[in-house]
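Reader: I would like to question a structure piece by piece. Please show it, and then tell me what backs each label.

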Amino acid sequence: MPGEPGRPEREPPVRVLSGIQPTGRFHWGNYFGAIRQYIDLQTAGEAFYFIADLHALTTVREPARLRELVRAAAVDLVALGLDPARATLFVQSDVPEVTELTWLLMTVCPMGLLERCHAYKDKKSRGLPADAGLFTYPVLMAADILAYDATLVPVGEDQVQHIEVCRDLAGAFNHLYGHVFTLPAPRLVAGGAKVPGTDGHKMSKSYDNTIEVFEEPAAQKRKIMRITTDSRPMEQPKDPRGDHLFELFALVAPEAERRRMAELYRRGGFGYGEVKKALVESASAFFAAARARRAELEADPARIEALLADGAERARRQAGAVLERARDACGLTRGATRARRR
Ligand code: ADP
Ligand code: TRP
């Protein structure tokens, strides 16, 4: 109702937010399946992107490696086109307000909701030990989203369930305490398209079949030359659709090249080695500008640190305001504590 206290009178402006776990160096699946679309959305409105190191703690247990992966993720994202002048880039753990908010949300979160979440369910069904961090992971993710009043959350298909959890928790809290949180909408990216790995299965670091975006060129070439192919004779015409080597080529080749290659497939009389060589070249050209930007950033480590510090400051300002709203609403602040916290 217009004018009702605590309720926004207009649709909130578009605020894009997404988090990326630094559990390994980015591969083509991450880039073409997620990161590229996230970065494209930086022009849709205000944008917040963060490196989810708290989430990664449930898998990366070596401190030096985690530190390096976080730094590399920041450099990679900027090299790939994330523009810090447009979007706020920060590290999740630099915003402690989010962990406090996680607790508030935990108190309105039914166990059953988390028991149904697939990350935990999958691990449990495989008989693997799961910790409370993995179990409550979707609550931290909900806090990540709600702390910034995000309206649009681009994610891969595997994360849609977590956005639903976030909406449920925000709804439950709002129902109890009045309008505190903005409900986000998921934005499914890539229409479910899966980037194949070097063995033809879905590219994933768990399958050891990845091509990393910023892999050293000679190593990348070796990997590409080893992509599995079938043993049909050279002269036999082949359908490019569903051929993982062609699909990888299509990701990085310019349109005209892609068409030429598709014709070659349909005509037959070519060797897979030829396609692999073309893939090496197209990949190199496709990522050349990003590699150059990456090299520049690597040469100036203070720049990325300053950028993350600035991002954290902006993020904390926003998350602090939302946390205060939530604390007030549920009765955690009294006049005196409020004054002390400001
Ligand atoms: P991995 O499977 O290598 O562990 P992650 O689960 O860390 O990758 O992936 C992060 C995001 O990248 C996912 O949410 C998904 O959106 C995207 N992604 C990962 N692999 C692929 C792929 N092969 N094809 C399309 N998108 C992918
Ligand atoms: N859980 C997400 C993933 O594994 C990463 C993530 C953490 C995230 N917090 C988020 C994504 C908030 C979107 C919004 O990919």
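**Two ligands and a helix pair**

Author: This is a predicted model. In it, a side-chain N or O atom of Gln-159 sits 3.1 Å from a nitrogen atom of ligand 2.

Reader: What makes the pair between Gln-159 and ligand 2 a polar contact?

Author: The cut-off is 3.5 Å between N or O atoms. The Gln-159 pair is at 3.1 Å, so it counts as a polar contact.

Reader: Which polar side-chain atoms of Gln-21 and Asp-144 pair with ligand 2, and how far apart are they?

Author: Gln-21 has a polar side-chain atom 3.0 Å from an oxygen atom of ligand 2. Asp-144 places one 2.8 Å from a nitrogen atom of ligand 2. The protein covers 91% of the 370 Å² of accessible area that ligand 2 has on its own.

Reader: Which elements give two or more residues to the shell around ligand 2?

Author: They are β1 (15-20), α8 (137-146) and β4 (152-155). α8 gives the most, with four residues. The shell divides into eight nonpolar, five polar and one charged.

Reader: What makes Tyr-137 a neighbour of ligand 2?

Author: The test is a heavy atom within 4 Å. Ligand 2 has 14 residues around it, and Tyr-137 is listed with the nearest, as is Met-141.

Reader: Now ligand 1. Which residues are closest to ligand 1?

Author: His-27, Val-195, Met-203, Ser-204 and Lys-205 are the closest of the 14 that surround it. The shell has four nonpolar, six polar and four charged residues.

Reader: How do you know that Lys-205 makes a polar contact with ligand 1?

Author: A polar side-chain atom of Lys-205 is 2.7 Å from an oxygen atom of ligand 1. The limit is 3.5 Å, so the pair counts. Asp-158 has a polar side-chain atom 3.0 Å from an oxygen atom of ligand 1. Met-203 uses a backbone N or O atom, 2.9 Å from a nitrogen atom of ligand 1. Alone, ligand 1 exposes 540 Å², and the protein buries 80% of that.

Reader: Why is α12 called roughly antiparallel to α13?

Author: The axes of α12 (residues 255-267) and α13 (residues 272-286) cross at roughly 170 degrees and come within 12 Å. Angles over 145 count as roughly antiparallel, so α12 earns that label against α13.

Reader: Which residues of α12 and α13 meet?

Author: Met-261, Leu-264 and Tyr-265 in α12 meet Tyr-272, Glu-274, Val-275 and Ala-278 in α13. By class, this contact has six nonpolar, no polar and one charged residues.

Terms used. Residues are numbered from 1 along each chain as its sequence is written. Chains are lettered from A and ligands numbered from 1 in the order in which they are written. This is a predicted model: local features need pLDDT of at least 70, side-chain atom pairs count only at pLDDT 80 or more; totals for chains, interfaces and linings use all residues. Side-chain values use heavy atoms; hydrogens and water are left out. Axes are lines fitted to C-alpha atoms, for helices over the stretch in contact, and angles run from 0 to 180 degrees between N-to-C directions. Angles under 35 degrees count as roughly parallel, over 145 as roughly antiparallel, 65 to 115 as roughly perpendicular and the rest as oblique. Contact means heavy atoms within 4.5 Å. Ala, Val, Leu, Ile, Met, Phe, Trp, Tyr, Cys and Pro count as nonpolar, Asp, Glu, Lys and Arg as charged, and the others, Gly among them, as polar. A polar contact is a pair of N or O atoms within 3.5 Å; within protein, one must be able to donate a hydrogen and the other to accept it, and residues adjacent in sequence count only if both atoms are side-chain atoms. Accessible areas come from the Shrake-Rupley method with a 1.4 Å probe; for residues, only the protein chains shown count as cover.
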